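Here is a short briefing to read alongside the model. Please keep the sequence and the 3D view open as you go.

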Amino acid sequence: MPQIPEKIHELTVGQLSARSGAAVSALHFYESKGLISSRRTSGNQRRFGRDILRRVAFIRAAQRVGIPLATIRNALAELPEERTPTNEDWARLSAAWRTELDERIKQLGRLRDHLTDCIGCGCLSLENCVLSNPDDVIGEQIAGSRLLPERRED
């Protein structure tokens with residue numbers, strides 16, 4: 001992994017990519033979504049502060065556990081600009097995300113447990129399929145396997 005000399009306080013997008021392991025396109029995407037920020041040089045080139053390395057690591061770790069980007073952006077917005085997330089920040093924020101992750105894990109477990117039944121039935125009926133129609137939400141509205149009412153040709 002390339003080392004960044006201490007005297008360099010700003011990184012090009014290529015340096016940030018090489019150092020963080022995130023693709024340049026991902027860094028541009030993160031910036032467009034307000035997760036990271038850069039300044040522009042007189043030649044209109046992006047320059048990122050060294051603190052962005054920690055922010056990118058934070059974003060990627062949160063993404064790996066399934067946290068949506070909007071939630072990550074809200075979490076980063078709580079931190080002062082130019083400050084990297086600390087271990088305490090991560091502990092506080094990840095504790096808040098634990099309930100959401102636990103619920104997703106339970107939901108995935110239910111889907112896994114019903115996957116064989118659904119494929120085994122062969123119909124994939126929206127009326128009673130736990131994968132296509134969890135908790136029979138559509139069944140309360142219409143019967144059968146159609147999501148949209150039939151169009152009548154007049």
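**Strands, sheet and one unusual loop residue**

Strand 1 (residues 10-11) and strand 3 run antiparallel and are joined by 2 bridges. Strands and helices here are DSSP runs, numbered from the N terminus: E of at least two residues for strands, H or I of at least four for helices. This is a predicted model, in which local features need pLDDT of at least 70 and side-chain atom pairs count only at pLDDT 80 or more, while totals for chains, interfaces and linings use all residues. Residues are numbered from 1 along each chain as its sequence is written, and side-chain values use heavy atoms, with hydrogens and water left out.

**The sheet**

- The 3 strands form an open sheet with antiparallel pairing, in the order 1-3-2; two strands pair if DSSP finds at least two bridges between them.
- Strand 1 and strand 2 are the edge strands, as each of them pairs on one side only.
- Between strand 1 and strand 3, E10 has G49 as its bridge partner.
- Strand 2 and strand 3 are also antiparallel, with 2 bridges in their pairing.
- Within that second pairing, R40 stands opposite R46 of strand 3.

**The hairpin and N44**

- Strand 2 (39-40) and strand 3 (46-49) are linked by the loop in which N44 is found.
- The hairpin made by these two strands has 5 residues between them.
- What is the phi of N44? It is positive, at about 65°, although N44 is not a glycine.
- Is N44 buried or exposed? N44 is exposed, with a relative accessible area of 52%; exposed means over 50%, buried under 20%, and partly exposed in between, using a 1.4 Å probe and protein chains only.

**The whole protein**

- The protein has 5 helices and 3 strands, and they follow the pattern β-α-α-β-β-α-α-α along the sequence.
- Of the 154 residues in the protein, 26% are buried.
- The protein exposes about 10,700 Å², and carbon and sulfur atoms supply 52% of that area; the areas come from the Shrake-Rupley method with a 1.4 Å probe, and for residues only the protein chains shown count as cover.
- Contacts (heavy atoms within 4.5 Å) can be sorted by sequence separation: among those between residues at least 6 apart, 48% join residues at least 24 apart.
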